[in-house]
Amino acid sequence: MSDTVITENKTNTVTLDKKTLRKSWWNWTCWGQICYNFERMMGLGFCHSMIPIFKKLYPNDKQKQADGMTRHLTYYNTENTWGCLIPGIVAAMEEEKANGAPVDDETISNIKTALMGPLAGVGDAITQGIVKVILLAIGIELAMQGNALGPILYVLLFSAYALLVGYVCYMTGYKMGKNAVVKILSGGLIKEITEGCGAMGMMVLGGLVATKIRIATPLTLTLGEKVTEIQALLNQITPALLPLSLFFIVYALLRKGVTPMKAMGIIFVSGIVLSLTGILV
């Protein structure tokens, strides 16, 4: 029997084939954030990812397909890439439910609720805090050298990361099934991963601040016949002190509610003024 068709064994159980699971993963990866809204956040995207699952589990029962979709039209919000683990787990649970296992709607909903927060923390820490920062640094460095591959390489590498990690997470979630909740949340694993990624992200960010923010001052201080370069003096106090100061200024602006666009505008104008007056180079 083709793998595109639900297989039925001697006990009349149904099994989701690879093609169906890939469709569900693809729907979540590409359109998990469609119709994003404050009422249900990613709820519609999650429901959309489950449509191939219900069509295969209940091919001749429109009412059960509708019930399943309604079950997932609820509030849902997590990180898109590492969050692929959850639709994989839910697909396994829906399969068990279709085969007559005692899996009620509340259990499925509770699993989603229990996992979406912790996985959002892990996903944001890794994807937003490490992967995007490193890839953007590579792309921006190439762009600053006049290489058009900078933005193209960023898009390609990030897309490859999102697709690969998302696919592995989805299939792992399906294999682990509902038991994944106990394994993931037990032993403080999520907390350790999040804290580890946070520390690594801070180290990466610190390296970028010191190497990618390039500002210095040409000012000198003359005392009698002795001329002291201010930049050399600052370097003796703390290397990359000016880039670090600029970083904290921008951080303070963002903490006060200044939008990133306004912050960039302030940096742009200030840079022109300070450069023309000979204070910074």
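## A tour from R214 to the helix α11 patch

Start by selecting R214, which is exposed, with a relative accessible area of 53%. Keep in mind as you click around that this is a predicted model.

With R214 still highlighted, add E141: the two side chains meet in a salt bridge, at 3.4 Å from N to O. E141 sits in helix α5 while R214 is in the loop between α8 (189-212) and β3 (220-223), so this pair ties together parts that are 73 residues apart in sequence. A search of the whole structure turns up four salt bridges.

For another one, stay with helix α5 but go to residue 105, where the helix (residues 105-144) begins. Select R71 and D105, which form a salt bridge with their closest N and O atoms 3.3 Å apart. Here, too, distant parts of the chain are linked: R71 belongs to helix α3 and D105 to helix α5, 34 residues apart. Buried or exposed, which is R71? R71 counts as buried, at 14% relative accessibility. Its partner D105 is partly exposed, at 38%.

Don't deselect D105 yet. Bring in K97, whose side chain meets that of D105 in a salt bridge (3.3 Å, N to O). K97 is partly exposed, with a relative accessible area of 24%. Now add E94 and you have a network of salt bridges linking R71, E94, K97 and D105.

Next, the rings. How many aromatic pairs does a search of the whole structure find? The search finds nine. Try F46 and Y76: they form a tilted pair, 4.6 Å centre to centre with 55° between the planes. F46 lies in helix α2 (residues 43-57) and Y76 in the loop between α3 (62-71) and α4 (85-98), so the pair ties together parts that are 30 residues apart in sequence. Both F46 and Y76 are buried.

For a second tilted pair, pick F158 and Y161, with ring centres 5.9 Å apart and planes at 40°. Both of these are in helix α6 (residues 149-176), three residues apart, or about one turn of the helix. Each one is buried: F158 has a relative accessible area of 19%, and Y161 comes in at 14%. With buried meaning under 20%, F158 falls on the buried side of the cut-off at 19%.

Two more ring stops. Go back to F46 and show K112, which lies over the face of the F46 ring, at 4.1 Å from the ring centre. Then select W25, W26 and Y167 together to see one aromatic cluster.

W25 and W26 bring you to helix α1 (residues 18-31), where T20 is also found. T20 is buried, at just 1% relative accessible area. What is T20 in contact with, once its neighbours within four places in sequence are left aside? Show P52, I53 and K56, and you have its contacts. You can also draw a distance from T20 to L57: these residues are 37 apart along the chain, and their C-alpha atoms are separated by 10.0 Å.

Finish on the surface. Select F268, V269, I272, V273 and L276, which form a nonpolar patch with about 530 Å² of accessible area together. Among them, V273 has its place in helix α11 (residues 260-276). V273 counts as partly exposed, at 46% relative accessibility.

Note on methods: Residues are numbered from 1 along each chain as its sequence is written. This is a predicted model: local features need pLDDT of at least 70, side-chain atom pairs count only at pLDDT 80 or more; totals for chains, interfaces and linings use all residues. Side-chain values use heavy atoms; hydrogens and water are left out. Helices (H or I, at least four residues) and strands (E, at least two) are DSSP runs, numbered from the N terminus. Buried means under 20% relative accessible area, exposed over 50%, partly exposed in between (1.4 Å probe, protein chains only). Contact means heavy atoms within 4.5 Å. Patches are made of residues with over 30% relative accessible area and no salt bridge: like charges are joined within 9 Å, nonpolar side chains (Val, Leu, Ile, Met, Phe, Trp, Tyr) within 5 Å. Accessible areas come from the Shrake-Rupley method with a 1.4 Å probe; for residues, only the protein chains shown count as cover. Rings of Phe, Tyr and Trp (its six-membered ring) pair if their centres lie within 6.5 Å; planes under 30 degrees apart count as stacked, over 60 as edge-to-face and the rest as tilted. A charge sits over a ring if NZ of Lys or CZ of Arg is within 6 Å of the ring centre and within 35 degrees of the ring normal.
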